[in-house]
Amino acid sequence: MRNILLNPGPVSLSEGVRRAAVATDLCHREEEFFDLQDRLRAGLLGVYGKAAEEWSAVLLGGSGTTAIEAMVVSLIASDARVLVLENGVYGERLSRIAEVHGIAAERIHRDWTGAWDLEEVARVLGSGAFSHVLAVHHETTTGRLNPVGRLSALCQRHGADLLLDSVSSFGAEEIPFSSPALIACAATANKCLHGITGLCLVLCRSERLRLVEKPRSLTLHLPLWADHQAGRSTPFTPPVNAMQALDQALIELQHQGGWKARQARYLELAETIAGKLERWGVEPLIAGGESSCVLRAYRLPAGLSYETLHDGLKRRGFVIYAGQGPLAREIFRISTMGEIGDGDLQRLLDAMEAVLTNPEAV
Ligand SMILES: *Cc1c(COP(=O)(O)O)cnc(C)c1O
């Protein structure tokens, strides 16, 4: 029995993606590799129908945080005035990245379960003091989908550039690409795109890459990667196998109907699971309508520890995810990303019923 991963990445793979990852040995200085790289760059822009003249997809080796750090250090000058919106672990990580790179950032902080206060954001941006806004689209800490469409409109009105951590939303949620304020977003291959770990990416307005002045990192400098990739080259050894896997994952995404179909499927799974849990008195941490399609957080029922729930489900082939920090003892999280079939869903519902009825049963 294969283990189904219900953690927010890496995801359970399709057989096609798993095979593609190790199907052939490929040298990264050969034409076949550059064909693959070209296909991926075009395919990634194609997920949201972006034209190659306006946007560039820059591929990097690393985890999602690598892409975010590359985006920040490449596209935000050290004398920029940055506003960071925080309502979870990943928003706070954006502030930390700015700090590490000596970029002055002010933050609007919310509790992890809180929503952004867009009136406050409008007031703060209205001072004209900020050139850039950094924000998380889907705050995976709680499953909250932040209103980045309305945020991008505010940024546009107040002349600030918006850079998004869309690591856990790219490929399954709407991203405000049509807003001129949005200049870049960071993503990874192994969340909603259903690829393997080790490959991440930044989608960026091409003109912005040309404006960047001197590098503040050697390996995270996006213009270096972008220039090489545009010219059928690569500066360093890329994650070739992860690129082969993503090639297949993008084909499957397209066959399945693209990001909107993926969103609908995630939502169907999430709603079915939420409905089942509700019958057992398990409540969502935040309202369903405020959650992403990708992940939901639930309060642990009284008397049931995370370990008991986790271990019971794992014995039955399902890996769920704990809360972070102060939420670790209060919640559990279930992501519906990855290759999860109807049969897997049925087995999961049965497993939940078994564990919630009799938590200690083997
Ligand atoms: C997964 C995730 C990241 C990146 O995490 P890595 O462990 O670096 O891949 C960043 N932001 C959000 C919102 C995420 O869900």
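**The ligand, a cavity and a small sheet**

An oxygen atom of the ligand lies 2.5 Å from an N or O atom in the side chain of T65, and this contact is a convenient place to begin reading the structure, which is a predicted model. On the nitrogen side of the ligand, one nitrogen atom is 2.6 Å from an N or O atom in the side chain of D165, while S168 places a polar side-chain atom 3.4 Å from a ligand oxygen. Taken on its own, the ligand has 380 Å² of accessible area, and the protein covers 83% of that area.

The surroundings of the ligand can then be described by element and by residue type. Two helices, α3 (64–75) and α4 (89–100), are the elements that give two or more residues to the shell around the ligand, and α3 supplies the largest share, with 3 residues. There are 13 residues around the ligand, of which S63, T65, T140, D165 and K191 come nearest, so that T65 and D165, whose side chains make the contacts described above, appear again in this group. By type, the shell divides into 6 polar, 4 nonpolar and 3 charged residues.

Apart from the ligand, what does a search of the whole structure find by way of cavities of 30 Å³ or more? The search returns 1 such cavity, and the space in the largest cavity comes to about 30 Å³. Its lining is made up of Q37, L59, L60, G61, L199, W225, Q229, P238, P239 and M243. The elements giving two or more residues to this lining are strand β2 (55–61) and helix α8 (222–230), with β2 giving the most, 3 residues. In character the lining of the cavity consists of 7 nonpolar and 3 polar residues, with no charged residue among them, whereas the shell around the ligand includes 3 charged residues.

The last part to follow is an open sheet of 3 strands, which has the order β11-β14-β13 and antiparallel pairing. Strands β11 (295–299) and β13 (321–322) stand at the edges of the sheet and have a single partner strand each, so one side of each is left without a neighbour in the sheet. The pairing of β13 with β14 (residues 331–335) is antiparallel and rests on 2 bridges, and here the reader can locate Y321, which stands opposite R333 in β14.

Methods
Residues are numbered from 1 along each chain as its sequence is written. This is a predicted model: local features need pLDDT of at least 70, side-chain atom pairs count only at pLDDT 80 or more; totals for chains, interfaces and linings use all residues. Side-chain values use heavy atoms; hydrogens and water are left out. On a 1 Å grid over the protein atoms alone, a cavity is a set of points where a 1.4 Å probe fits but cannot get out, and a pocket is an open set with protein on both sides within 12 Å along at least five of seven lines; lining residues have an atom within 4 Å of a point. Grid points are joined across faces, edges and corners, and a volume is the space filled by probe spheres set on the points. Helices (H or I, at least four residues) and strands (E, at least two) are DSSP runs, numbered from the N terminus. Ala, Val, Leu, Ile, Met, Phe, Trp, Tyr, Cys and Pro count as nonpolar, Asp, Glu, Lys and Arg as charged, and the others, Gly among them, as polar. A residue is near a molecule or strand if one of its heavy atoms lies within 4 Å of it. A polar contact is a pair of N or O atoms within 3.5 Å; within protein, one must be able to donate a hydrogen and the other to accept it, and residues adjacent in sequence count only if both atoms are side-chain atoms. Accessible areas come from the Shrake-Rupley method with a 1.4 Å probe; for residues, only the protein chains shown count as cover. Two strands pair if DSSP finds at least two bridges between them.
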